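This briefing describes a single protein chain for a reader at the bench. Points are grouped by topic and follow the displayed model.

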Amino acid sequence: MLRQKALVDVLGQVNTSGVDGSWLFNKEGLLLAYVGSEQKEVASNVSSALLASVWTALERRANDLKETILVLEDGVIVCTLVARSMMLAIRASNQTDLGLVRAKLHSLSAYLEQPILSISHDLG
């Protein structure tokens with residue numbers, strides 16, 4: 001079972017060393033959990049919907065999309081699939097080493113994979 005508080009705590013662990021936001025949402029953009037600063041111009045639920053839309057557009061062009069990196073004016077956002085049905089995204093500043101951001105994304109994705117798979121199996 002994946003509890004909301006535990007999920008928020010786990011997402012919050014990557015918000016160090018230049019990483020200032022992490023989202024977990026489904027492929028339709030429905031936000032399940034967000035940890036980060038809400039002082040950005042776009043709300044976290046709107047961001048998750050936009051990221052899901054970008055992912056879907058990229059996925060149409062690439063058959064086996066595993067990860068995407070969005071370079072923005074004020075930082076980067078990296079996204080990946082978790083358990084084939086959920087998406088994980090991490091936002092970091094431009095000064096943050098991209099390798100560190102990707103390492104955090106991959107370790108968090110691997111950590112969340114089994115709990116999310118067990119939930120989707122229970123629901124399905």
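Strand 4 (residues 75-82) pairs with strand 5 through seven bridges, and the two run in the antiparallel sense. The model is a predicted one. Within this pairing, Leu81 stands opposite Met87 of strand 5, and Val82 stands opposite Met86 of strand 5. The hairpin formed by strand 4 and strand 5 has three residues between the strands, and Ala83 adopts a positive phi near 60 degrees there.

**Strand 5 and its surroundings**

- All seven of the seven residues of strand 5 (residues 86-92) are buried, so the strand is largely enclosed by the rest of the structure.
- In a regular strand, side chains alternate between the two faces of the sheet.
- In strand 5, Met86, Leu88, Ile90 and Ala92 point one way, Met87, Ala89 and Arg91 point the other way, and all are buried.
- Arg91 is thus listed among the buried residues that point the other way from Met86, Leu88, Ile90 and Ala92.
- Strand 5 also pairs with strand 1 (residues 19-26), again in an antiparallel arrangement, through seven bridges.
- In the pairing with strand 1, Ser22 is the residue opposite Ile90 of strand 5.

**Strand 4 and strand 3**

- Seven of the eight residues of strand 4 are buried, so strand 4 is largely enclosed by the rest of the structure.
- Strand 3 (residues 67-72) runs antiparallel to strand 4, and six bridges join the two.
- Val71 stands opposite Val76, a residue of strand 4.
- The connection from strand 3 to strand 4 is a hairpin through two residues.

**Loop residues with positive phi**

- Most residues other than glycine have a negative phi.
- Ala83, a residue other than glycine, has a positive phi near 60 degrees.
- Ala83 belongs to the loop between strand 4 and strand 5.
- Buried or exposed: which of these describes Ala83? Ala83 is buried, because its relative accessible area is 5% and the cut-off for burial is under 20%.
- Ser17 likewise is not a glycine, yet has a positive phi of about 55 degrees.
- Ser17 is located in the loop between helix 1 (4-12) and strand 1.
- With a relative accessibility of 53%, Ser17 counts as exposed, because the exposed class begins over 50%.

**Ala33 in strand 2**

- Ala33 is part of strand 2 (residues 31-36).
- The relative accessible area of Ala33 is 3%, and the residue is therefore buried.
- Which residues does Ala33 touch, leaving aside those up to four places away in sequence? The contacts of Ala33 are Gln4, Leu7, Val8, Leu11, Ser22, Trp23 and Leu24.
- One of these contacts, Leu7, is 26 residues from Ala33 along the chain, and the C-alpha atoms of the two are separated by 7.2 Å.
- Ser22, which Ala33 touches, is also the residue that stands opposite Ile90 in strand 5.

**The chain as a whole**

- The chain contains three helices and five strands.
- Read from the N terminus, the order of the elements is α-β-β-α-β-β-β-α.
- A compact globule of 124 residues would have a radius of gyration near 14 Å; the chain has 14 Å, which agrees with that expectation.
- Taken along the principal axes, the C-alpha atoms fill a box of roughly 40 × 35 × 25 Å.
- Of the 124 residues in the chain, 40% are buried.
- Among contacts with a separation of 6 or more, 51% are between residues 24 or more positions apart.

**Surface and charge**

- The exposed area of the chain is about 7,200 Å², and carbon and sulfur atoms supply 54% of that area.
- The chain has 11 positive and 13 negative charges.
- The mean positions of the positive and the negative charges are 4 Å apart.

How values were computed:
Residues numbered from 1 in each chain as written. Predicted model: local features only at pLDDT ≥ 70, side-chain atom pairs only at ≥ 80, totals over all residues. Heavy atoms only, no water. Buried < 20%, exposed > 50% of the residue type's maximum accessible area, 1.4 Å probe, protein only. Helix = DSSP H or I, 4+ residues; strand = E, 2+ residues; numbered from the N terminus. Pairing = 2+ DSSP bridges. Rg over C-alpha atoms; globule rule 2.2 N^0.38 Å. Contact = heavy atoms within 4.5 Å. Areas by Shrake-Rupley, 256 points an atom, 1.4 Å probe, with all protein chains shown as cover. Lys, Arg positive; Asp, Glu negative; His and termini not counted. Charge placed at Lys NZ, Arg CZ, Asp CG, Glu CD.
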